[in-house]
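The exercises below concern the model shown next. Each has a task sentence and a solution that goes step by step.

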Amino acid sequence: MDILQVLDYVPNYKTFYTVDELDHQIQQLAKKYPDVIRTDIIGMSRNGHPIQAMIMGSGDKNALCFACPHPNEPIGAMTMIALGEIFCAHPEVLQETEFTWYLIPCIDPDGTRLNENWFKGPFSLMNYIKGFYRPPGNKQVEWTFPINIRGAKFDEPLPETQALMRLIDQLKPRFMFSLHNCAFGGAYWYLTDNIPELCAKLENAARRQKIPLHLGEPEAAYITKYSPAVHSMMSVTAMVNYMIRFGGGVPRTNMKCGGCSADYVAGVCKCMTMMAEVPYFYDQRIQDTSAYDGMTRREAVLENIRLNTENYAVLGKYWSQVHTLFQADNPFFEFVDSCIESNDAQNKAKENWAKGPAFEKTATVSEVFDNLYASRVFECLNVALAVRACGYELERSERLDLGAVELLTFCQKAFRDEMERMCEWLEQRLDYQVIPIRQLVSVQIESALLAVEQLNKEQ
């Protein structure tokens, strides 16, 4: 297969599709190419929205790909539509893959709708932060698969997660692609299989699109690197073992969230699972592996913890005052709750982790940048959600007494001021660029095609 030629077919998207636009695109493809594509509703969202899959190909191996497992990550939705369009318009490409494909552009339509305020631009760090939404772990499709590991249990899969479980049980996929993206940084991958040849090709896919690789710290301390930007797969088993070693243990009862899709499929069939993380924004320092004079890697991690604690103290000061006013149907406060609740334990585990000998070396520029600057973006997102949580209650203020309205108004302003302060701090220290959607989609499409190409070689 000439993958580079396939990438020439990727449309030059300027904005992200809304949930309704995704549904429309799927139906248009089904009408235009009835001999190539069929659609199926694999389940319903919690709010009753149909979850659609596009099914194409006739290979004896199945590929299951799903986007928006985190609803603030719509690049994968564009990738699924683009790949569907390419397979329909160029059936020879579909046939060459030797797979039957199940493409799900949006596995969490309810959460995705709550991000649509920033989908049409302008694409700036501030606009993304202001429109951001993400649910807590126990309401994320990617992290609510059942688990029972060393006494740590979770068995409350969401309806959307159950739909994926049924499909995994039915298809027993040989390849599964969970499409993710990060807000800021560089491109990186999670992969179940350590295949050096494939790792190198994945990294070259990002270089081809002039997207930097993420060469800072791994997203979680328990992850190992197969290559500079390809990591071992996210795993609840590895996370539990890490927390026992460095964090003092995990609850031996019910956990707040469950396993990921890779955890689940591993118990069903032999499957190569991939997650491809690509960023909206990047700063060239994320891929600079030169030495950063005057700071060790341990010092960079400890400074990360100090800044994190400082920022969470401001958030927590006002959060504790207003928290009781949030009603259960307010979608914006739970993620902040979960982050505040777990932050101290995570920092303690990170501090213990950084005591190892690997942290005595001089830090790289990418490690310092990741710890001191890129991490602040994610803290700012919590403050932005606090602004939206207050606003959600104020929009229905007829349910509140005057004192509650005044407190919500006061705290919302405090959160907004803090959000703007943090954004200004970031703008002064970051030299970021916005990556065109077409380049991001191209990296994810090439990643999928490289994976199935590798699996076909292994027959």
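**Exercise 1: a lysine in a loop**

Lys210 is exposed, because its relative accessible area is 68%, where exposed means over 50%, buried under 20% and partly exposed in between (1.4 Å probe, protein chains only). The model is a predicted one, in which local features need pLDDT of at least 70 and side-chain atom pairs count only at pLDDT 80 or more, while totals for chains, interfaces and linings use all residues. Residues are numbered from 1 along each chain as its sequence is written, and side-chain values use heavy atoms, with hydrogens and water left out.

Task: state where Lys210 is found and describe its phi.

Solution.
- Step 1. Lys210 is in the loop between α8 and β9 (225–227); helices (H or I, at least four residues) and strands (E, at least two) are DSSP runs, numbered from the N terminus.
- Step 2. The phi of Lys210 is near 60°, which is positive although the residue is not glycine.
- Step 3. Lys172 also has a positive phi as a residue other than glycine, with a value near 45°. Its place is the loop between α7 and β7.

**Exercise 2: salt bridges between distant parts of the chain**

Task: find which residue forms a salt bridge with Arg113 and which one forms a salt bridge with Arg46, then place the partners.

Solution.
- Step 1. Apply the criterion: a salt bridge is a side-chain nitrogen of Lys or Arg within 4 Å of a carboxyl oxygen of Asp or Glu. Over the whole structure, the search gives 23 salt bridges.
- Step 2. The partner of Arg113 is Asp20, with 3.0 Å between the closest N and O atoms. This pair links distant parts of the chain, since Arg113 is in helix α5 (residues 109–113) and Asp20 in helix α2 (residues 19–32), 93 residues apart.
- Step 3. Arg113 is partly exposed because its relative accessibility is 33%. Asp20 is partly exposed as well, at 47%.
- Step 4. The partner of Arg46 is Glu160, and their closest N and O atoms are also 3.0 Å apart. Here too distant parts of the chain are linked: Arg46 belongs to the loop between β1 (37–44) and β2 (50–56), and Glu160 to helix α7 (residues 159–171), 114 residues away.
- Step 5. Arg46 is partly exposed, with a relative accessible area of 35%, whereas Glu160 is buried at 0%.

**Exercise 3: a salt bridge within a helix**

Task: explain why Glu197 and Lys201 are separated by about one helical turn, and name the network that they belong to.

Solution.
- Step 1. The side chains of Glu197 and Lys201 form a salt bridge with an N to O distance of 3.3 Å.
- Step 2. Both residues are in helix α8 (residues 196–208) and lie four residues apart, so about one helical turn separates them.
- Step 3. Glu197 is partly exposed at 40% relative accessible area, and Lys201 is partly exposed at 25%. Salt bridges that share partners connect Glu197, Lys201, Glu453 and Lys457 into one network.

**Exercise 4: strand pairing**

Task: determine in which sense β1 and β2 pair, and which strands are joined to β7 by parallel bridges.

Solution.
- Step 1. Two strands pair if DSSP finds at least two bridges between them. β1 and β2 have seven bridges, and their pairing is antiparallel.
- Step 2. One bridge is that of Asp40 with Ala53 in β2. The hairpin of β1 and β2 has five residues between its strands, and Gly48 there takes a positive phi near 90°.
- Step 3. Strand β3 (residues 61–67) runs parallel to β7 and is joined to it by five bridges; Leu64 stands opposite Met176 in β7.
- Step 4. Strand β11 (residues 272–282) also runs parallel to β7, with nine bridges, and Ser178 has Met275 in β11 as its bridge partner.
- Step 5. Strand β7 (residues 175–184) is largely enclosed by the rest of the structure, because 10 of its 10 residues are buried.

**Exercise 5: a cis peptide bond**

Task: identify which residues the cis peptide bond with omega of about 0° joins.

Solution.
- Step 1. The cis bond joins Gly121 and Pro122.
- Step 2. Pro122 is in the loop between α5 and α6 (125–131).
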